[in-house]
Amino acid sequence: MATNDALTATEHIHHEVAQQQQRGVMVTKTEDFGTDLTTLNLGPTHPATHGIFQNILQMDGEKIISGVPTIGYIHRAFEKIAERRPFYQITPLTDRMNYCSSPINNMGWHMTVEKLLGVEVPKRAQYIRVIMMELARIADHLVCNGILGVDTGAFSGFLYLFEERENIYEIYEEVCGSRLTTNMGRVGGMERDMSPVALEKLRTWLKRFPAVMREFQNLFDRNRIFMDRTINVGPISAERALNYGFTGPNLRAAGVDYDVRVMNPYSSYQDFDFEIPVGTNGDTYDRYLVRNEEIWQSLRIINQALENLPEGPYHADAPHYYLPPKQEVYRNMEALIYHFKIIMGEIDAPVGEVYHSVEGGNGELGFYLISDGGRTPYRLHFRRPCYIYYQAYPEMVVGSTLSDAIITLSSMNVIAGELDA
Amino acid sequence: MTDLNTSPAAQAKAADYVKAHAAISNEQLLARLHALFGADTFSDVEEPYGLLTATVSRHRIHEILDVLHGEKELLLNFLTTMCGVHWPERKDEELSVVYQLHSMIHNIRLRLKIFFPIADPVVPTMTDIYATANWMEREAYDFYGIIFTGHPNLIRILNVEDMDYHPMRKEYPLEDGTREDKTDLFFGR
């Protein structure tokens, strides 16, 4: 391996380009005129990329000829760390993957462990989970579409939506105590019931939000400038998208109605009535519309879940895995023992091999867990939708202009935390 | 946007289609696989948590995935995920690659595993079948040192290029053994 210690940043780019040229990924001269190409270093810390990833682009004037993404700038070795941690300590790691919709990651992980342990979660906990997951999906899509507006030159929509995201975060706060990296719920259910304040905040928000969303859509949906900037920008066909392993809104924008919530319902999603929006072209505009419609469908699900919220316990009766209430720990022998054993990570899990996936903000978020009967996973692999579909990015932007490449990136909603894990 | 799919006729047609295709069980899937590739191709067949899992030889994995990709009956043409696993105590099959296929029409999943010795970690690439295998294989190379022959750009992806080991292998502990700031001089832990 070559050492790059002594290289300056510019030299490093040239070194990188030379390497890529050697492998045939990049070219030096235009085919048309034989003139030299410009090498443009986009990132790693570029304000328009919304995260730490680098793209080295070869430009012919304004046109992109080839591009090589470099990722891994915030790689934190979660899969390695997870091999040394008891199951409940892995939840905070999942927060930090797609940090725009942490509750979905948390719940996905809890459900994976519950599947391994064979724990049945009561209906009320499942409904609360559905509410929180759909709120997270809305928050995720709000960020993506708001920022897409900023990248096309319209700042106001972003501000309107971020106020609503703030309100969603206040609901999170009532439910679990934190906002961005939520660490919400536990293996076996939720850590507490929905408080009256949380329910009140949720009901107020459900009344308030649709008007804001409609206003946002009125600003953008048929806005001539926005449409000109996004239609036929960064398109991908359904066939290529499937070959690239796309899932989630980006795949649905290409016209494939694959949704884990419908295909393999988890956490009682089969109880709710909702539709899967699909696009036709797989371009930036379709991705934008699909996300907007998903927000409306998520609202439908939340309303149904809230209306039919069952009574009953909010966690499973699984004392080996679910922490006892704190006041019990001081008075009750068994509670003290279980508290100690769970906190010290001394509970062995059964031997098994589990794959569980949930519909994350960006697509199928999967957890592949191999347990050898110990206290930690033997191997845990995260199927991160961002990581899988971001590799299509060069193919989607080659031939377009730099400004189109920026909005393609933001409409794909690549979250650096999930990309690098 | 959803206009095309909301007419009652279209929905009824879609429902019929799904009903006709969704009924493949794991037994049928396995029978079809045996018919395609021979029964002795698959060993260690099990169904952990309902997901059909089988071990195949690394010499046949490319052929199997290639055939399944174009096969019209099972339509197992979506590579959901792929990852390496290290089993240091298994003699001559220390490394493993796990492929997970999905059929979006039939909603069936299939997990295929290959095992091979760590001294000879060479397996064929799937990039000619699935574009998505590109980065998945680079990740497996980066973390486990598995060499995918025929891969167009097999370099490290998440770790720095200067790194000279493959960190997800079990012999590398999570914590740096040379650190001194964590030794507890008073209690000796």
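Good morning. In chain B, 50% of the contacts between residues at least 6 apart in sequence join residues at least 24 apart. I should say at once that this is a predicted model.

Let me stay with chain B for a moment. Chain B holds five helices and seven strands. Read from the N terminus, its elements follow the order α-α-α-β-β-α-β-β-β-β-α-β. Chain B has 189 residues, and 33% of them count as buried.

I now turn to the nonpolar interior. The largest nonpolar core comprises 150 residues, and within this core Leu135(A) and Leu419(A) touch the most other members. The greatest contribution comes from helix H5 of chain A, residues 123-151, which supplies 16 residues. Two domains of chain A, domain 1 (9-70) and domain 2 (78-317 + 347-383), each provide at least three residues to this core. Leaving aside residues up to four places away in sequence, Leu135(A) touches Ile168(A), Ile171(A) and Ile302(A).

My last topic is helix H7 of chain A. How far apart are the end C-alpha atoms of this helix? Helix H7 runs over residues 196-220, and at 1.5 Å a residue its 25 residues should span 36 Å; the end C-alpha atoms are 36 Å apart, so the two values agree. There is nevertheless a kink of about 30 degrees in H7(A) at Arg208(A), shortly before the proline Pro210(A).

Which residues of H7(A) are buried? They are Ala198(A), Leu202(A), Met213(A), Phe216(A) and Phe220(A). Among the elements of chain A that cover these buried residues are H5, helix H6 (156-176), helix H8 (224-230) and helix H12 (284-307). Thank you for your attention.

Technical notes. Residues numbered from 1 in each chain as written. Chains lettered and ligands numbered in written order. Predicted model: local features only at pLDDT ≥ 70, side-chain atom pairs only at ≥ 80, totals over all residues. Helix = DSSP H or I, 4+ residues; strand = E, 2+ residues; numbered from the N terminus. Buried ≥ 20, exposed ≤ 12 C-beta atoms within 10 Å, placed from the backbone. Contact = placed C-beta atoms within 7 Å. Core = buried A, V, L, I, M, F, W, Y, C linked by C-beta atoms within 7 Å. Domains from an automatic or database assignment. Expected span 1.5 Å × (residues − 1). Bend = angle between axes of the 7 residues up to and from the residue.
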